[in-house]
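Work through the following exercises with the sequence and the model open beside you. Try each task before reading its solution.

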Amino acid sequence: MTAQLDTALLVTVLAGGAIYLCLSRRFLRKLLGFLMLSNAANLVVLAMAGDPTGARAPTLHEGVDPATAVDPVPQALILTAIVIGFSVAAYLTVLLYRIYVDSGTATTPRLERIAGGSDGLDDGVIR
Amino acid sequence: MKAFHVALLLSPFLSAPLVLALGRRLGSRTGWAALAAPLLGLVSCAALYLDPQARGTTFSLSWVPSLGVALAFTADGLALFYGLLVAGMGLLVTLYATHYLDDRYGRHGSFYFTLQLFMGAMLVTVFTSNLLVLFVAWELTGITSFFLIGFQHDQPKAQRGARMALVTTVTTGLGLLAAIALLQQIFGTLDLTRILATPAPPESRGLLSVAFGLAALGILGKSALVPFHYWLPNAMAAPTPVSAYLHSATMVKLGVFLSARLFPVFGDLPTWGPVLVAFGFSTFLLGALLALLCYDLKAILAYTTVAQLGLLVGQYGWAAPEALHFGDLLHVLNHSLYKACLFMVVGIVDHCTGTRDLHQLGGLFRRMPLTGAVAMVGLAAMAGLPLTSGFVSKEILLETALHRPGMLGMFSLASLTLGSVLHALVALRVGRHVFFGKMPAQLEESFHAPSFGLQLPPLFLAAGVLLFGLWPAGFGAFAGSFGPATVPHLALWHGWTPAALVSLGIFATAGIAFWLTEHRGWARLFMPRAARMERIFDWAIDGIPAFGLRFNRALGFGRSSLYLVFVAGILFGSLMLFVIVRAGEIAALLGALGAPAPSMDRLLRWGVVAIVSVGTFLAMRWERPIPQLFAVSLAGFGVAYYYVLYRAPDLALTQLLVETATLLLVLLVVVRFKRDGADLEPLPPRSRRSRLARVAIATAGGLFFGMGVLLFPSLPLMERAGGYYLESSIPLARGANAVNTIVVDFRGFDTMLEITALLIAGLGCLGLLSRKRLSPVARFEFPHRDLLPVPRDFILQSVALGAFVPLNLFALHIFFRGHDAPGGGFVAGLITALSLILVSFVLGVYGFRRRLRVMPMVVAVLGVLLALGVASFPALQGLPPLSHRHFHLGPFPVGTPMLFDLGVYLAVVGVTLKLVLPLMKSVHGLPAFVQDEVANFTSALSEPIDYRPARPPAARTKEVA
């Protein structure tokens with residue numbers, strides 16, 4: 001397990017940095033933080049495959065023992081996660097851009113002021 | 001029942017799309033095409049009716065065998081009766097609608113489409129002998145009725161009525177679902193024929209009572225009985241043919257149908273009689289009373305329908321098992337005939353005068369004698385006058401109630417008598433004030449005579465009312481032919497029986513009451529506020545968001561940063577808990593640090609960790625967006641290399657390309673921010689506490705993830721998940737690359753959902769990037785030339801255009817080798833998309849779009865459809881969906897997984913292009929859609945999202961309000 005100390009450190013740095021950026025008040029930094037956070041999450045899943053040292057990629061050829069290859073399931077999961085992460089990142093990018101265009105600001109304090117009112121909630125009645 | 005019977009019964013489902021397609025071409029004549037389906041259904045029912053051998057036999061198709069759900073259809077007497085009613089009424093109503101829905105109405109195709117779906121759902125509901133199928137069809141009638149009531153969806157009344165009907169019937173329908181689940185528990189089957197044939201085990205009587213209570217909820221809701229009666233009058237916003245069909249003859253009768261269906265199951269419960277009689281007969285009284293207080297003709301009919309439904313359900317409360325399916329069916333038939341007839345008459349009156357208000361009508365008999373005569377017959381049946389079917393029905397009811405001892409009998413006889421007086425009074429009032437008296441001058445101007453075709457369907461119905469009224473023996477014999485009951489002989493006159501005396505009393509009282517009200521004035525009658533039950537519904541519906549708002553305020557979630565406190569608190573708390581619970585293991589772990597032997601591999605991995613950390617720190621340190629973006633990309637590309645070291649070449653390839661595409665997207669937004677100076681918008685300085693909190697939360701979050709990485713692989717639960725896939729990748733999926741075979745073959749369903757999600761995200765982005773033109777005045781004049789700066793750099797141009805072909809050859813290579821080596825449709829799709837975007841950089845978006853004739857969104861949708869088609873193709877051969885098939889196309893081996901991958905490829909190309917290109921235009925202040933690129937989609941014309949119209953938006957909203 002300590003064989004994956006490097007992965008643990010990498011994830012700690014990436015996730016910590018990502019959360020730090022997400023906590024920023026600027027849209028762009030939030031967005032960048034989100035991108036890094038999805039990378040960190042993918043790495044967590046990857047680490048579940050175990051230490052890859054000495055193993056083969058899960059691409060098989062004649063005469064290769066499948067037991068020597070790394071676990072392909074986390075990889076397949078991450079492959080899907082990368083795609084979904086891309087879609088969400090794209091949506092977030094465009095959403096923040098649209099908010100910027102509509103409100104004229106790219107920071108949250110001013111956005112909350114513009115969204116107005118004491119607590120920013122609307123009156124909640126379906127129209 | 002044979003297959004062709006079922007096929008004919010299901011014909012509405014087949015003809016519905018056809019009618020929809022024809023709608024655009026045929027307009028108001030679409031109804032003629034829609035006549036085929038009810039006709040076929042009627043033929044099927046008639047064939048079943050005339051063939052006694054087919055009675056009671058079942059036709060079954062397996063659907064979900066593991067749950068015991070089968071598309072089973074049984075034609076017993078009850079089903080057959082309702083089938084004839086639904087199909088026959090469907091025919092008449094469609095005929096009526098062809099004349100009623102003239103060119104003033106739009107969207108004829110979708111009207112008949114929904115009507116046919118409704119008809120099909122009704123037929124399935126009555127004919128199916130599987131309870132779950134019954135429930136599905138039951139709810140389908142509710143959903144289609146929502147669209148039919150809300151057909152004129154620009155009117156607030158229609159919106160409200162449709163919403164109310166849907167919410168009420170669907171919510172109460174859940175009671176039915178629960179009842180079905182309980183019945184399945186009690187009887188161990190969903191098959192209705194078996195449930196009806198076996199007596200319930202005595203130990204489950206309690207459970208049976210609960211099931212009955214839940215089923216009763218469904219019955220009350222669907223048939224608009226007290227306390228759910230409010231939805232039916234509000235559903236009158238529907239076009240009149242819909243009211244005549246759904247709200248008098250068929251859908252609301254489902255509660256009655258279900259009572260009859262489940263009578264053998266619940267009939268001997270002690271609660272059965274009291275519940276049905278109490279709810280049924282109080283509805284009967286209340287409905288009749290409320291009908292008297294209304295002025296709108298359709299509301300009057302709606303309330304009398306509510307009343308009659310109460311009666312029809314209530315009489316099951318004291319029905320004797322041996323008399324079942326004679327009297328009840330006779331009443332249903334009588335009510336359907338005269339009520340649908342009256343609805344159609346009201347539709348004609350509305351059509352010809354433009355009003356349904358009792359005060360504004362009068363003297364219409366002279367102007368439309370045929371409709372007037374038909375209405376008189378219908379009203380006479382409603383009042384229960386002799387020589388109509390209404391009289392026969394009422395005599396039987398009175399006779400039964402008089403012979404029913406005890407409280408229930410007393411209550412039902414009293415309410416029956418009183419309700420009948422009220423019905424007669426309503427009939428007199430409507431007849432007098434609509435058809436006789438003086439015609440208001442205003443009406444003289446607007447009146448136009450109805451066409452004969454419009455009057456034909458109610459004429460049929462009125463003829464039926466008279467026929468059965470004049471020939472009671474035939475009426476009784478027909479109704480009795482559906483059930484096992486012995487049919488008593490019915491005659492026009494049975495002598496001075498107690499029932500006849502009561503009838504006489506009813507007419508006398510009604511006559512006197514009418515005379516009194518005529519002289520004392522109707523004006524004193526009005527609907528009291530307390531009777532408007534829909535107020536409670538509105539209160540509940542509006543209450544939900546109001547409650548949510550109050551709840552939110554109470555929690556103090558107004559400021560978005562408070563959410564963070566919660567999330568961070570939970571994160572940190574669970575971390576602490578984890579550390580405490582697993583303190584020993586963590587200590588052991590930390591003690592064993594530095595143990596693994598150094599190898600080249602590890603060294604490289606530590607190197608990557610260093611690079612990614614540098615990227616992360618730079619991203620946190622730097623302020624200017626473009627350097628920061630590159631720092632993030634450095635980390636991202638580092639992760640890609642890390643994937644290589646983790647023996648995940650597929651991931652590395654994908655990560656590289658996705659990182660590039662994301663970089664591009666974010667870069668576009670950054671460019672816009674920089675141009676406006678929004679990237680360095682001044683911010684108030686943070687307090688020391690806030691800075692510390694930020695660092696603390698980030699550290700805690702990072703540690704949480706890192707700890708997970710260290711500990712998860714050591715948990716006893718964790719074992720190698722992919723052994724099976726590795727071993728069977730080549731023998732089963734014929735691919736050497738296990739990751740790819742998992743994605744496109746073993747777990748193809750996930751991938752299908754994944755590209756669907758991609759498509760949805762793409763559509764969502766388009767929605768955000770486009771804004772419809774507000775008005776012709778505020779039109780955005782966009783110049784027909786390339787507004788985006790096109791670089792005139794020769795080297796860039798040559799490289800971009802020169803690289804296009806090799807890049808796509810490489811994509812082709814990656815695509816085909818995907819099954820055996822790293823690669824596949826997703827990676828290939830990204831390469832193609834990026835190469836196209838590169839070209840668009842040097843040609844300019846418009847220049848590029850002029851050369852690329854295909855619309856990216858079409859490509860994406862085609863891709864998803866291809867994947868879906870490939871996935872469902874094996875089902876045609878009786879295999880589970882997504883089973884792979886391999887075959888040879890000439891010398892090349894082709895497998896469905898490859899076609900599936902092709903779908904992924906197309907979806908990725910389409911969505912990525914559609915994300916980048918409109919964003920590229922938008923950040924330069926241009927509309928996301930413009931004329932020359934979407935010549936076929938004129939309605940999709942948009943203006944730039946940051947384009948401000950001449951008038952400020954604030955003034956605009958005020959004006960609308």
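## Exercise 1: A buried acid and its partner

Task: Decide whether Arg356(B) is buried or exposed, and find its salt-bridge partner.

Solution. Start with accessibility, where buried means under 20% relative accessible area, exposed over 50% and partly exposed in between, with a 1.4 Å probe and protein chains only. Arg356(B) has a relative accessible area of 18% and is therefore buried. This is a predicted model, in which local features need pLDDT of at least 70 and side-chain atom pairs count only at pLDDT 80 or more, while totals for chains, interfaces and linings use all residues. Residues are numbered from 1 along each chain as its sequence is written, chains are lettered from A and ligands numbered from 1 in the order in which they are written, and side-chain values use heavy atoms, with hydrogens and water left out.

Next, look for a salt bridge, which is a side-chain nitrogen of Lys or Arg within 4 Å of a carboxyl oxygen of Asp or Glu. The partner is Asp350(B), with the closest N and O atoms 3.5 Å apart, and Asp350(B) is likewise buried, at 17%.

## Exercise 2: Bridges across the sequence

Task: For the salt bridge between Asp601(B) and Arg647(B), state which parts of chain B the pair ties together.

Solution. First check the distance: the closest N and O atoms of Asp601(B) and Arg647(B) are 3.0 Å apart. Then place each residue, using helices as DSSP runs (H or I, at least four residues; strands are E runs of at least two), numbered from the N terminus. Asp601(B) lies in helix α28 (residues 600-621) and Arg647(B) in the loop between α29 (625-645) and α30 (649-676), so the pair ties together parts that are 46 residues apart in sequence. Finally, compare accessibility: Asp601(B) is buried at 16%, and Arg647(B) is buried at 18%.

As a last step, follow shared partners, which join Asp296(B), Asp350(B) and Arg356(B) into one network of salt bridges. Over all chains, the search finds 15 salt bridges.

## Exercise 3: The largest nonpolar core

Task: Find which residues touch the most other members of the largest nonpolar core, and explain where this core lies.

Solution. A nonpolar core is a set of buried Ala, Val, Leu, Ile, Met, Phe, Trp, Tyr and Cys residues joined through side-chain atoms within 4.5 Å. Among the 183 residues of the largest core, those that touch the most other members are Tyr82(B), Phe127(B), Trp231(B), Phe266(B) and Leu364(B). Its largest share, 16 residues, comes from helix α16 (residues 327-353) of chain B. Domain 1 (280-527) and domain 2 (530-558) of chain B, whose bounds come from an automatic or database domain assignment, both give residues to this core, so it lies between them.

Now examine one member. Leaving aside neighbours within four places in sequence, Tyr82(B) is in contact (heavy atoms within 4.5 Å) with residues including Val126(B), Phe257(B) and Leu329(B).

## Exercise 4: The largest cavity

Task: State how much space lies in the largest cavity and which residues are closest to its centre.

Solution. On a 1 Å grid over the protein atoms alone, a cavity is a set of points where a 1.4 Å probe fits but cannot get out, and lining residues have an atom within 4 Å of a point. Grid points are joined across faces, edges and corners, and a volume is the space filled by probe spheres set on the points. The largest cavity holds about 180 Å³. Of its 19 lining residues, the closest to its centre are Gln308(B), Leu311(B), Met382(B), Gly390(B) and Lys394(B).

Terms used:
On a 1 Å grid over the protein atoms alone, a cavity is a set of points where a 1.4 Å probe fits but cannot get out, and a pocket is an open set with protein on both sides within 12 Å along at least five of seven lines; lining residues have an atom within 4 Å of a point.
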